[in-house]
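Visitor: I should like a close look at a single part of this model, namely its internal empty space and the helix packing around it. Please take me through it in one connected account.

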Amino acid sequence: MYLTVRDATKTYGNFTALDRVSIEIEKGEFVCLLGPSGCGKTTLLRLIAGLTDLDGGTITLEGATLSDLPARKRGFGIVFQSYSLFPNMTVAENIGYGLKIRGVRKDDIAARVQELLALVKLPQVADNLPGQLSGGQQQRIALARAIAVDPRVLLLDEPLSALDAKVRAVLRDEIRQVQRSLGIPTLMVTHDQEEALALADKIICMNHGVVVQAGTPEDLYHRP
Ligand code: ADP
Ligand code: ADP
């Protein structure tokens, strides 16, 4: 197993947001975390990303314990629901940010940014500011920024839910295409069952801080 969460528990005061949650993601797999608002999906994603601390349980990547590593050392790419681009940086600066802080040469960053812009089908917007782009375009750039550093895991937190239905359907397919072409193991949070069915190799259903069911879309919805 590539990424493993075992018995993850998270409490806020005396409220238990996650109660011994276990999930697994294999290499190259696209996994959707599905459940109603407030069931703990984002909390689990943030634990995996290292943005919050576990109160119990373990997270391992290729057998190595992640729990003690800070977020920036986990090598994960993250796309949030919205407004996550740096507003005062151009698109190229946003995408190249992670490479720049890793000391990659300017020319190499520029080349990589162009390659990523082509991959997300926005070759012309390098010098634009995020505010000049539509919501769907901004999420494409957020995806490009997340994958720029060749992340070991891609974490997507409701990346489509702020978009209108038409854009959402197009971008959903594009995200899947990009994920497949790069083979990045991906965990996407969604409350949209149709979205999970369309995208996932595996769906993990949560409710009230626990995993209630997990399996392929066929397992969960098409078996008698
Ligand atoms: P989801 O992503 O499924 O909508 P969340 O993980 O955001 O759910 O939240 C799960 C529960 O934990 C919710 O009841 C939420 O209000 C609560 N919660 C999340 N973050 C905090 C926090 N920092 N402090 C207190 N409660 C929180
Ligand atoms: P989402 O849009 O993913 O459901 P929320 O709007 O629930 O996220 O939460 C946004 C931020 O507020 C997060 O950092 C979360 O941890 C925090 N938060 C959520 N619920 C609570 C709460 N009941 N008390 C304190 N902080 C909370």
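Guide: In this predicted model, the largest cavity has a volume of about 40 Å³. The count of cavities of 30 Å³ or more comes to 1. Rolling a probe the size of a water molecule over the atoms is what reveals where empty space remains.

The walls of the largest cavity are formed by Leu119, Val120, Arg140, Leu143, Leu171, Glu174, Ile175 and Val178. Two elements, helix 4 and helix 5 (165–182), each supply two or more residues to this lining. Helix 5 contributes the most, with 4 residues. Sorted by class, the lining comprises 6 nonpolar and 2 charged residues, with no polar residue.

Helix 4 also has a packing partner to consider. Packed helices are described by the angle between their axes and by the distance separating those axes. Helix 2 (residues 91–101) packs with helix 4 (residues 135–147) at an angle of about 30°, and their axes lie 7 Å apart. Angles under 35 degrees count as roughly parallel, and helix 2 and helix 4 are therefore roughly parallel to each other. Their crossing is right-handed.

At this contact, helix 2 presents Val91, Asn94 and Ile95, which meet Ile141, Ala144 and Arg145 of helix 4. By class, the residues of the contact are 4 nonpolar, 1 polar and 1 charged. Helix 4 thus appears in both settings: it is among the elements giving two or more residues to the cavity lining, and it packs with helix 2.

Terms used. Residues are numbered from 1 along each chain as its sequence is written. Chains are lettered from A and ligands numbered from 1 in the order in which they are written. This is a predicted model: local features need pLDDT of at least 70, side-chain atom pairs count only at pLDDT 80 or more; totals for chains, interfaces and linings use all residues. Side-chain values use heavy atoms; hydrogens and water are left out. Axes are lines fitted to C-alpha atoms, for helices over the stretch in contact, and angles run from 0 to 180 degrees between N-to-C directions. Angles under 35 degrees count as roughly parallel, over 145 as roughly antiparallel, 65 to 115 as roughly perpendicular and the rest as oblique. A crossing is left-handed if the near helix is turned anticlockwise from the far one by less than a right angle, and right-handed if clockwise. Contact means heavy atoms within 4.5 Å. Ala, Val, Leu, Ile, Met, Phe, Trp, Tyr, Cys and Pro count as nonpolar, Asp, Glu, Lys and Arg as charged, and the others, Gly among them, as polar. On a 1 Å grid over the protein atoms alone, a cavity is a set of points where a 1.4 Å probe fits but cannot get out, and a pocket is an open set with protein on both sides within 12 Å along at least five of seven lines; lining residues have an atom within 4 Å of a point. Grid points are joined across faces, edges and corners, and a volume is the space filled by probe spheres set on the points.
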